[in-house]
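Here are some brief notes to read beside the model. Please keep the structure open as you go through the points.

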Amino acid sequence: RLARPDHVRGETDMERILSVSEAASAAQIQTAIDEVAKSGGGRVVLPAMDLELDRGLALRSGIELCGQGSDTILRKGPGRIYPLSGYHNYGMCDAPLQSTEGLKVGMTVSLHDGRTHGGFYETFATITWIEGDWVGLDHGIEADYRAEDAPCLTTVYPLVFAHNAQQIALRDMHLEGNRAAQEKNMGGCRGSAVYFARSRDIEVSNVSECDYHGEGLGFQMCRDVQIIDCRFDGNSGNGLHPGAGSTNARFVGCAANHNEKSGFFFCVRANHITVDDCRFFSNRYGVSIGTRDCHNVLTGCTMQGNRGPGVLVRASPFPVEVHSCRIEGCVVSGNASEEGRGQIEIAGDAHDLVVRDCTIGAGACGIYVEEAARSIHIVDNDIDCGVNVQSTRESLTSKDPAFNAGYGVGKETAYRHLIRA
């Protein structure tokens, strides 16, 4: 198993160990996090407890939030809908509601209308003041929200998140999404049960999560991320979701099972990512790779019993096609029972992909390659399907394509599209 580097805690950092009474609410825990961050950073340790959160916990730079393994349980509180009283325009640091009953300053909330739910036009913010039926927000809303599209504020939020932070860690706890009590889901661009945006030097280890109305773990516009010995199960979205230009990430010893979408979803321009010794069972898709997702490696992973392909290379056309990825030493078996054309399906204008040393079976077709794909190198696999490889000769190559891929090998130019945290 991987030796875990300590990104966060130095010899002079503070350690704040909270008692049950000191961690009796999300607000108390947030106060402790903020105090340690202001002191220069360090570790905040939660006790064994089972706590319902009325807001998400925001990690600050230099903070390591730890629990007591499965004895520390954080549950999401109920997700309620607060309709806006009418149209509200982009950039406003407030929102007019029909009612503010039950809302408190410091709570984390989402705003959207019927057009913007789920994308980056959705707003995730913290309430800063309440006056009558108006609430203040810690930043401007991300779009115009139109009265005819049912705009609303919802108490939907990540359980733990960070924005514009560096050197942060989350360790040793269990998170419950409490999906049955959520009236709306969290959009995957702005949040997930564990969520990071525009941040770097992140480590999540020994964290389990389940039953969230949205994605399990997601990060957008991040770099230098390690997810170790974690599992994200039974969510209404994807289990794991690196996206929006995130670069240089490693997932080791993780699992994402029984999610309604993919176990692992590479979103737009998720590059230089290694997924090692991970398991993806009984999702819609095992692993899904798409728009501009390049220089990635799947190694030693198992994709079994997914309703669609175990590995799906989505139909991304030139110039946003998938390329320069390796699938090596994986077990891909018993997938595509309800949809898909192979245990591994390669669609669109994908090129320079390698499938090597994999065990592939229990399906009508092992590897399906669309006609437009090029330079697909399939070698030294153990395939036992009705049709082992379905492809045109023009799509395949006997030559191993030369490219670098995975965590830790990108040049500094691989990060220049990201804002510095």
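1. Overall size. This is a predicted model. The protein has 421 residues, and a compact globule of that length would have a radius of gyration near 22 Å. The protein has 22 Å, so the value agrees with the globule rule. Along its principal axes, the C-alpha trace spans about 70 × 55 × 40 Å.

2. Inside and outside. Buried residues account for 56% of the 421 residues. The exposed surface of the protein comes to about 16200 Å². Carbon and sulfur atoms supply 46% of that surface.

3. Secondary structure. How many helices and strands does the protein have? Count one helix and 37 strands.

4. Contacts along the chain. Take the contacts between residues at least 6 apart in sequence. Of these, 67% join residues at least 24 apart.

5. One sheet to trace. Six strands make an open sheet, and their order is β7-β12-β9-β10-β11-β8. The pairing is antiparallel. Which strands lie at the edges? They are β7 (81-83) and β8 (94-96), and each of them pairs on one side only. From one strand to the next, the twist averages 40°.

6. A pair inside that sheet. Look at strand β10, residues 123-131, and strand β11, residues 134-137. These two pair in the antiparallel sense over four bridges. One residue pair to find is E131 and W134: W134, in β11, is the bridge partner of E131.

7. A buried serine. S262 sits in strand β22, which covers residues 262-265. Is S262 buried or exposed? S262 is buried, because its relative accessible area is 2%, and the cut-off for buried is under 20%. Now set aside the neighbours within four places in sequence. S262 is then in contact with G237, N238, G239, N283, Y285, G286 and S288.

8. Cysteines. A disulfide is a covalent bond between the sulfur atoms of two cysteines. The structure holds zero disulfides. Why does C189 not form one? The closest cysteine sulfur, in C267, is 6.0 Å from the sulfur of C189, so the two are too far apart for a bond. The cut-off is within 2.5 Å. C210 has its closest cysteine sulfur in C230, at 14 Å, which is also too far for a bond. As for its surroundings, C189 is buried, with a relative accessible area of 16%.

Key: Residues are numbered from 1 along each chain as its sequence is written. This is a predicted model: local features need pLDDT of at least 70, side-chain atom pairs count only at pLDDT 80 or more; totals for chains, interfaces and linings use all residues. Side-chain values use heavy atoms; hydrogens and water are left out. Two strands pair if DSSP finds at least two bridges between them. Axes are lines fitted to C-alpha atoms, for helices over the stretch in contact, and angles run from 0 to 180 degrees between N-to-C directions. The radius of gyration is taken over C-alpha atoms; the globule rule is 2.2 Å times the number of residues to the power 0.38. Buried means under 20% relative accessible area, exposed over 50%, partly exposed in between (1.4 Å probe, protein chains only). Contact means heavy atoms within 4.5 Å. Accessible areas come from the Shrake-Rupley method with a 1.4 Å probe; for residues, only the protein chains shown count as cover.
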